[in-house]
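Please walk through this protein with the sequence and the 3D view side by side. The explanation goes from the strands to the core, and then to the links between side chains.

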Amino acid sequence: QVQLVESGGGLVQAGGSLRLSCAASGRTFGHSAMGWFRQAPGEEREFVAAMTWTGAIYYAESVKGRFTISRDDAKNTVYLQMDSLKPEDTAVYYCAATSPGASWRTPDYWGQGTQVTVSS
């Protein structure tokens, strides 16, 4: 059974940093895309960042230059380094992964989410 477990969320002041981690288990993800989505209260879930198994990286325009995604396939883990955080980054952040070979746009697996709150 595939499981994605996020950690690293919390409360931070605007301008601060957080690093999210997502540990995947149940199978290897070496040929899967892995990434992050977020959902703010009253909003739809939105894409944040993704990294394919070939190393291609994609970011939402709203986080470019501030967030950095990386992955360690040996540990089946994906990370999201978030710098220069803004109050509008406040949301529940979800880790996501695809089936092997699938597009990063259509994740098949989701974590339970971790809360990130940025105070002004």
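The paragraphs below take the sheet, the core, the disulfide and the salt bridges in turn.

The model is predicted. A good place to start is an open sheet of four antiparallel strands, which follow one another in the order β1-β3-β8-β7. Its edges are β1 (3-7) and β7, and each of these has a single partner strand, so one side of each lacks a neighbour in the sheet. From one strand to the next, the twist averages 15 degrees.

Within this sheet, β8 pairs on both sides. Strand β3 (residues 18-25) runs antiparallel to β8 and is joined to it by six bridges. Six bridges also join β7 to β8, again with the strands running antiparallel. Leucine 80 of β8 illustrates the arrangement: it is the bridge partner of leucine 20, and isoleucine 69 also has leucine 80 as its bridge partner. Elsewhere along β8, valine 78 stands opposite cysteine 22. How enclosed is β8 by the rest of the structure? Five of its six residues are buried, so β8 is largely enclosed. The connection from β7 to β8 is a hairpin with four residues between the strands, and asparagine 76 in the turn has a positive phi of about 55 degrees.

A further set of pairings involves β4. Strands β4 and β5 are antiparallel and share five bridges, with methionine 34 facing methionine 51 of β5 as its bridge partner. These two strands also form a hairpin, with six residues between them, where glycine 42 takes a positive phi near 75 degrees. Strand β4 pairs with β9 as well, in the antiparallel sense and over six bridges; here the bridge partner of glycine 35 is alanine 96 in β9. Like β8, strand β4 is mostly covered, with five of its six residues buried.

The strands can now be related to the interior. The largest nonpolar core has 26 residues, and those with the most contacts inside it are Trp36, Val48, Phe67, Leu80, Met82 and Tyr93. At least two residues of this core come from each of β3, β4 (34-39), β5 (46-51), β7, β8, β9 and β11 (114-119). Valine 48 gives a view of the surroundings of one core residue. Leaving aside residues up to four places away in sequence, valine 48 touches Trp36, Phe37, Arg38, Tyr58, Tyr59, Ala60, Val63, Phe67, Leu80 and Tyr93.

The next feature is a covalent link. How many disulfides does a search of the whole structure find? The search finds one. It joins cysteine 22 to cysteine 95, with an S to S distance of 2.0 Å. The link is left-handed, with -80 degrees about the S-S bond. Cysteine 22 lies in strand β3 and cysteine 95 in strand β9, so the pair links distant parts of the chain, 73 residues apart. Cysteine 22 is buried at 0% relative accessible area, and cysteine 95 is also buried, at 0%.

Salt bridges come last. The whole structure holds five of them. One connects arginine 66 and aspartate 89, whose side chains meet at 2.7 Å, N to O. Arginine 66 sits in the loop between β6 (57-59) and β7 (67-72), and aspartate 89 in the loop between β8 (77-82) and β9 (91-97), so this pair ties together parts that are 23 residues apart in sequence. Both arginine 66 and aspartate 89 are buried. Through shared partners, salt bridges join Arg38, Glu46, Arg66 and Asp89 into one network.

Another of the salt bridges in that network is formed by glutamate 46 and arginine 38, whose closest N and O atoms are 2.6 Å apart. Arginine 38 is buried, with a relative accessible area of 5%, whereas glutamate 46 is partly exposed at 37%. Glutamate 61 and lysine 64 form a further salt bridge, with 2.8 Å between the closest N and O atoms. Here glutamate 61 is exposed, with a relative accessible area of 62%, and lysine 64 is partly exposed at 44%.

Conventions. Residues numbered from 1 in each chain as written. Predicted model: local features only at pLDDT ≥ 70, side-chain atom pairs only at ≥ 80, totals over all residues. Heavy atoms only, no water. Salt bridge = Lys/Arg side-chain N within 4 Å of Asp/Glu carboxyl O. Buried < 20%, exposed > 50% of the residue type's maximum accessible area, 1.4 Å probe, protein only. Pairing = 2+ DSSP bridges. Axes fitted to C-alpha atoms, helices over the stretch in contact; angles between N-to-C directions. Core = buried A, V, L, I, M, F, W, Y, C linked by side-chain atoms within 4.5 Å. Contact = heavy atoms within 4.5 Å. Disulfide = S-S within 2.5 Å.
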